[in-house]
Amino acid sequence: MFGQTTTSTPPPTDRGLEDLDAAALAYAARIEGLPPERRQEARDDLVRFALPFAGRLARRYRGRGEPLEDLEQVARLGLVNAVDRYDPERGSFTAYAAITIVGEIKRHFRDRTWGVHVPRRLRDLILEVGQATAALTSELSRAPTVAELAERLETPEEEILAALESAAGYSPASLNAPVGGESSAEFGDLVGESDNALESVDDRVTVSGLLHRLPWRERRILAMRFYGNQTQAEIAARFGISQMHVSRLLSRALTWLRQAMLADAPPPWQNGAAEAEPGKTKISVKQNGDRVVVEVGGEVDRDGADQLRKAMLEAVTGQPREVVVDLVGAGGFDAGGIAALMAGRDAAARTGVPLRLTRVQPAVRRSLAAAGLPAGAD
């Protein structure tokens, strides 16, 4: 019926591997003319018949770090692929099945067994290095050197070293492996711990850049409060202002920092009404005979720098015998204030007018010295 032949696949009992080709030919003849739903039974018979052959090929690769059961499963998958793709007109089924099964096993070792990702080029080189190492060890009666491996494989020593290092990624050690002995410690305990401070790195970097946009006094107060752990009363005594004023300055600076961190562009710094208290830049110019005295008081920040620069340039332009900058009342200079002093010094040098900084507070003296501005002690 259906034009089918009575030829059947030989039973697996009392048959050797030499009968694989005959069994495959019988399978091909048996399924000829059969509908797809009837071919499955014949296919299963051939697969069961060839299972010992696939198992024998799998056992050749045992002892290489993979369980034999896994290798047998991979070999059986290759056998099924060989049966499904078998064409009697292309030659021996045994040869074709062996190539297909071995290829599937090698692909498993190459793509599925690595603990970390290693490029295919390196994986292939690692196999070659392993084979060359075994051959050279037998010839030399010792382990070969990198140079000897490179010479045998005609490969640069750098690539040999990369292959040897990458080979460790095939089966990496577990972090839960015991350290050894009777200790309950695990290998992961020796590696280190996650640094929770890393989560705040972005915020720290952002704040660091924004702090430089604040006036010198606000930066100094923030540093004294949060890095020096000083109280508001101690800060107020240091600057000669009230504790309430220190509280307002801190609140305003912190509010601006929060807004700046949440905005795409930092908002402009506004001095506000609180500057009416001590700390605001104060500049006065006095004529003393043929000498001009520029008195500076308060905190010279970015907002007061233009006022100081203008006063010094006007003093130098009048060609006096000397220009004296009295800094006895100056509590601090930020980058803008120091730049204003340097601009006045340069203008005095161009016009030939002597310029002298006098009565400088110790904290201000250090800032001026760092900027290359000498100051008198009187």
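User: Which residue in β3 stands opposite Val 294?
Analyst: Heads-up: this is a predicted model, where local features need pLDDT of at least 70, side-chain atom pairs count only at pLDDT 80 or more, and totals for chains, interfaces and linings use all residues. Residues are numbered from 1 along each chain as its sequence is written, and side-chain values use heavy atoms, leaving out hydrogens and water. Strands here are DSSP runs of E, at least two residues, and helices are runs of H or I, at least four residues, both numbered from the N terminus. Opposite Val 294 in β3 you'll find Val 325.

User: Which strands sit at the edges of the sheet?
Analyst: Four strands make an open, mixed sheet, ordered β1-β2-β3-β4. Two strands pair if DSSP finds at least two bridges between them. An edge strand pairs on one side only, and that picks out β1 (282-288) and β4 (355-358).

User: How many bridges join β2 to β3?
Analyst: Take β2 (residues 291-300) and β3 (residues 322-333), which run parallel. The number of bridges joining them is nine.

User: Which helix packs on the sheet?
Analyst: Look for the helix that touches β3 and β4, where contact means heavy atoms within 4.5 Å. It spans residues 362-370, so the helix is α15.

User: What kind of aromatic pair do Tyr 86 and Phe 93 form?
Analyst: Rings of Phe, Tyr and Trp (its six-membered ring) pair if their centres lie within 6.5 Å; planes under 30 degrees apart are stacked, over 60 edge-to-face, and the rest tilted. These two rings are 5.1 Å apart, centre to centre, with 85 degrees between the planes. That makes the pair edge-to-face.

Definitions and conventions:
Axes are lines fitted to C-alpha atoms, for helices over the stretch in contact, and angles run from 0 to 180 degrees between N-to-C directions.
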